[in-house]
Number of protein chains: 2
Amino acid sequence: MTYTYEYPHPAVTTDVAVFTLREQQLQLLLICRRHDPHKGKWALPGGFLEIDEDLEECAKRELKEETGVSDLYLEQLFTLGRPNRDPRERVISVTYYALAPANKLTVNAGSDAAEADWFPLSQLPELAFDHAEIIRRAQERLAAKALYSTIAFQLMPETFTLSELQSVYEILRNESLDKRNFRKWILSLNQLEEVGGKQRNGNHRPAKIYRALNPNHVEIIR
Amino acid sequence: MTYTYEYPHPAVTTDVAVFTLREQQLQLLLICRRHDPHKGKWALPGGFLEIDEDLEECAKRELKEETGVSDLYLEQLFTLGRPNRDPRERVISVTYYALAPANKLTVNAGSDAAEADWFPLSQLPELAFDHAEIIRRAQERLAAKALYSTIAFQLMPETFTLSELQSVYEILRNESLDKRNFRKWILSLNQLEEVGGKQRNGNHRPAKIYRALNPNHVEIIR
DNA sequence: GCAAAAGTGTTACGCGTACACCCATGG
DNA sequence: CCATGGGTGTACGCGTAACACTTTTGC
């Protein structure tokens, strides 16, 4: 079966930069390409848009097919489409970034990818296409948005302690924060509620447990 | 001549929301559609991507062809592509927004549009496709970006007075600003230089004339 | 001299930042 | 009882916001 048009049409793909926190650092989900072009190189999960699916659906579907990951916070990043960025044909790529809590994220390679794995941002392998640029811009957006929204909550499991949350902000902002000031600030946003429990993490006082009031919505603050 | 693919391909278009300041309000450039679908309705300038041009080139070309307008500040907004948003075929639209100084903006309708004209944002006509959503998001982005960048300068002619600039900020932010605080703030950014002249605007003291130090670059501030 | 916009400093308040010690637990 | 991270309050300084009068021009 073939499809014929009066004018040339580009192909459209989505690509997703998925971030999570593992081992106290930001990590990115990449797949190893099974086919040419760039066979054997690492790339963002993504693929061609089906003719009757929405862009965001496509991003979610490809992510699930290639890595087994689903149910993430997903936000459109930007669209690039330089001629010749893909040697096969003209490809327009609509890029997204996604955030996932570290717990219970099981990654399974799918059929189009030889392998899927997490990489610390500081130790990325050589990347296919112009995916390095996409990652750079996703990281910029994430860092900026952490300053004026509750997007960082999307990296947390359902419940967490304030120390854990502070640690996430410290990693995103790449600086250490004062414990008292952080707690005053984060509680003043009225976006957290205490769930009456304690978490024991070792030989020390257990921590109160909190939960995001609107875990499925990123609030704009300041 | 026809073009054949193994899988169905969507069409890709660009659409541009061009803002300017006229008559002390934000106005938007629209064209009246000459052909179906939505013949006779007003729409954003834009059109189909050529197979060897970059996305931004396409936006600029369509804008020039349809309205005669060129040399604007142009920034990508977002990409939408719901199935069935265009009755002809699947269309992915990469949207941009643009800002233009009001002076010397001559608008000329092109071949694909019956007419091109400016509309105050508060008095928009019925719009084709989902262009109302694009306009809403462009306006949100512009208002947000005015708070943390020098993007408002893109609405100014080459030289201007501080009162004129303040008026632009008041329109964008939809609130009146204190004259002394505004001047202190805008001058503290070190983005303006005085050009040694005065502007007489009527029966009152003439104003000093300023110019943006980097008129072709939007600086991030705060 | 009158109308109309240009231009100019000071004060107050609130928020962000800096900073150190006690508490609860496990071993 | 010791080690470890959890939890708490105050003081200072800076930056934002509020506020009114004099100057220059045209008619």
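## Close-up views of a two-chain model

**View 1. Asp71(A) sits in the loop between helix 1 (55-67) and strand 6 (73-80) of chain A.** Helices (H or I, at least four residues) and strands (E, at least two) are DSSP runs, numbered from the N terminus. This is a predicted model, where local features need pLDDT of at least 70, side-chain atom pairs count only at pLDDT 80 or more, and totals for chains, interfaces and linings use all residues. Residues are numbered from 1 along each chain as its sequence is written, while chains are lettered from A and ligands numbered from 1 in the order in which they are written. Have a look at the backbone: Asp71(A) has a phi near 60 degrees, which is positive although the residue is not glycine. Most residues other than glycine have a negative phi, and most peptide bonds are trans. Asp71(A) counts as exposed because 10 other C-beta atoms lie within 10 Å (20 or more would make a residue buried, 12 or fewer exposed, anything in between partly exposed, with C-beta atoms placed from the backbone).

**View 2. Over in chain B, Asn190(B) has a positive phi too, near 55 degrees.** Its spot is the loop between helix 4 (179-188) and strand 10 (192-199) of chain B. With 10 C-beta neighbours inside 10 Å, Asn190(B) is exposed.

**View 3. A cis peptide bond leads from Asp36(A) to Pro37(A).** Omega is near -5 degrees here, and Pro37(A) belongs to the loop between strand 3 (25-33) and strand 4 (42-43) of chain A. In chain B, the bond from Asp36(B) to Pro37(B) is cis as well, with omega near -5 degrees.

**View 4. Strand 1 of chain A meets strand 1 of chain B.** The two run antiparallel and are joined by three bridges; strands pair if DSSP finds at least two bridges between them. One bridge to spot links Tyr5(A) with Tyr3(B).

**View 5. Where the chains touch, 26 residues of chain B are in contact with 26 residues of chain A.** Contact calls for C-beta atoms, placed from the backbone, within 7 Å. On the chain B side, strand 1 (3-5), strand 2 (11-22), strand 6 (73-80) and strand 7 (91-100) each supply at least two residues.

**View 6. Chain B lands on chain A after a rotation of 179 degrees, with 0.1 Å of shift along the axis and an RMSD of 0.2 Å.** The two copies are thus related as by a two-fold rotation axis. In chain B, the C-alpha nearest that axis is the one of Thr4(B), 2.1 Å away. The fit is by least squares on C-alpha atoms of residues with pLDDT of at least 70 in both copies.

Notes:
Two residues are in contact if their C-beta atoms, placed from the backbone, lie within 7 Å.
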